[in-house]
Amino acid sequence: MSELSEKLLMKKENAYKTASEEERAEIYSYAEGYKAFLDGAKTEREAVRYALTMAEKKGYRPYRFGDPVKAGDQLFYNNRGKNLFLMKIGKAPLETAGIRIVAAHVDSPRLDLKQCPVYEDSEMCFFKTHYYGGIKKYQWTAIPLALHGTIVRADGTEVDISVGEDENDPIFYINDLLPHLAQKQSREPLGEAISGETLNILVGGLPLAGEEGDAIKLGVLKILNEKYGIVESDFLSAEICAVPAMKARDIGFDRALIASYGHDDRVCAYPALTALLNTEDTENTVIVVLADKEEIGSEGTTGMQSVLLNDLIEQISISLGANPRLVREASACLSADVNAAYDPNFKDVFEKANSSLVSCGTALSKYTGSRGKSGSNDASAEFVGRIRRIFADGKVAWQSAELGKVDAGGGGTVAKYIAKMNIDTVDLGVPVISMHAPYEAISKADLFATYRACAAFIDSCK
Ligand code: MN
Ligand code: MN
């Protein structure tokens, strides 16, 4: 390469290619911890529990509103078991240094059970579902499913369930139509060939001996009653999710990528979490948010639109004698969520120069949104410039990316809700292949680059 092209041209490079032998080993070994997290945390509740266990091992302890805080404190706020805030209080003055925030989400697209789910038809017992988040419905038929969730009984007692993950567990299943009889279905648009009301989960087929009527349904309810102490009406106050009963597995002869359910957004949550737990920086105050409900618009008490993050910043500021408005103004946030990786099989929806390429590092999106950046946070040039310098200093492998071609579709995430609080925010995350499919794919190099990015950001000076 000539001196001039070296100086003037920007190039995107494969992070495996630029990594040393030791760095490659580090990338692969970091991925093992991530895969364990994926398999141990398939819902937001399980992800919060998993993260809490890790944080408690590092000495994090519960925070209650009104508690005084001081430099050196490592605290967590567990919001209803579905949304977790991890807070590390630093020595740097809050009004000038601000708070470093990394926000990722731990809910993923899936099928939720309806509140009256159980019925029997044609010698089979089923659970009715209502899908959660943006799914392609046809992808959820004829694959192994597991059920995870929490049931609150009539007397207020609770029971957690998880069936289908252990090799000896049964799995659950959604019927599909055989190709022999799918002439009409095959002509329907992809989005309509499988309707939401046909996503019924097969959960049983053994009639209870000596019973007339819905003997299979009764048999299933009897098993549930013996195992969990529940009756049919307890589904009314339950949150049960059907998720793919598949474990995270390496892809390829060289194991460069990982296939799993729920990379979106655990592939950013895990780097955010581990970057915080591994940091030795004592200067910066840091908050890592593991949010819920991102996939349905960040709504509700556990989504990023709730006032909680603002409340926590205010309480910490007041306790340290700082003005919360000045603290927010000085703060900065990485909205850590996945990006759509350029896929050569679907070239026509991408504009390659502005798409993220697999293994070329964590993807920074100045803006997201759709139809003319609508719904986007659109980070300022100044803030992106600051992040660039942080990543350069931290030797982070990163690339700039937007989600697909102009007007091909689009999307958005939590960035705008944090930016609304007068906090500079930019989107950053791992490029994903087959995003929102039951089994998504990512590169280990991009996972590790996101970890390095979170770590560099958390430790950065203002
Ligand atoms: Mn996401
Ligand atoms: Mn998503």
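Are His105 and Asp337 buried or exposed, and which ion do they help to hold? Let us work it out together.**Exercise 1.** Decide whether His105 and Asp337 are buried or exposed.

*Solution.* This is a predicted model, in which local features need pLDDT of at least 70 and side-chain atom pairs count only at pLDDT 80 or more, while totals for chains, interfaces and linings use all residues. Residues are numbered from 1 along each chain as its sequence is written, chains are lettered from A and ligands numbered from 1 in the order in which they are written, and side-chain values use heavy atoms, with hydrogens and water left out.

- Step 1: recall the scale. Buried means under 20% relative accessible area, exposed over 50%, and partly exposed in between (1.4 Å probe, protein chains only).
- Step 2: apply it. His105 and Asp337 are both buried.

**Exercise 2.** Find which residues coordinate the manganese ion (ligand 1).

*Solution.*

- Step 1: look for donors, which are N, O and S atoms within 2.8 Å of the metal (3.2 Å for Na, K and Ca); water is not among the atoms, so sites may look incomplete.
- Step 2: name them. His105 gives NE2, Asp264 gives an OD atom and Asp337 is listed with OD twice, at 2.1 to 2.5 Å.
- Step 3: place them in the chain. His105 sits in strand S4 (residues 99-105) and Asp337 in the loop between strand S15 (332-336) and S16, 232 residues apart. Helices (H or I, at least four residues) and strands (E, at least two) are DSSP runs, numbered from the N terminus.
- Step 4: look at the neighbour. The manganese ion (ligand 2) lies 3.3 Å from ligand 1, and Asp264 coordinates both.
- Step 5: check the backbone. A cis peptide bond, with omega about 15°, joins Asp264 to Asp265, and Asp265 belongs to helix H9 (residues 263-278).

**Exercise 3.** Say which of Ser359 and Lys373 is buried and which is partly exposed.

*Solution.*

- Step 1: read the backbone angles. Phi is near 75° at Ser359 and near 65° at Lys373.
- Step 2: compare with the scale above. Ser359 has a relative accessible area of 6%, so Ser359 is buried. Lys373 has 38%, so Lys373 is partly exposed.

**Exercise 4.** Work out which strands lie at the edges of the open sheet.

*Solution.*

- Step 1: remember that two strands pair if DSSP finds at least two bridges between them.
- Step 2: write the order. The 7 strands run S8-S7-S11-S5-S6-S10-S9, with antiparallel pairing.
- Step 3: read off the ends. Strand S8 (158-163) and strand S9 (173-174) each pair on one side only.
- Step 4: zoom in. Strand S5 (residues 110-121) and strand S11 (residues 238-244) are joined by 2 bridges, and Leu111 has Ala242 in S11 as its bridge partner.
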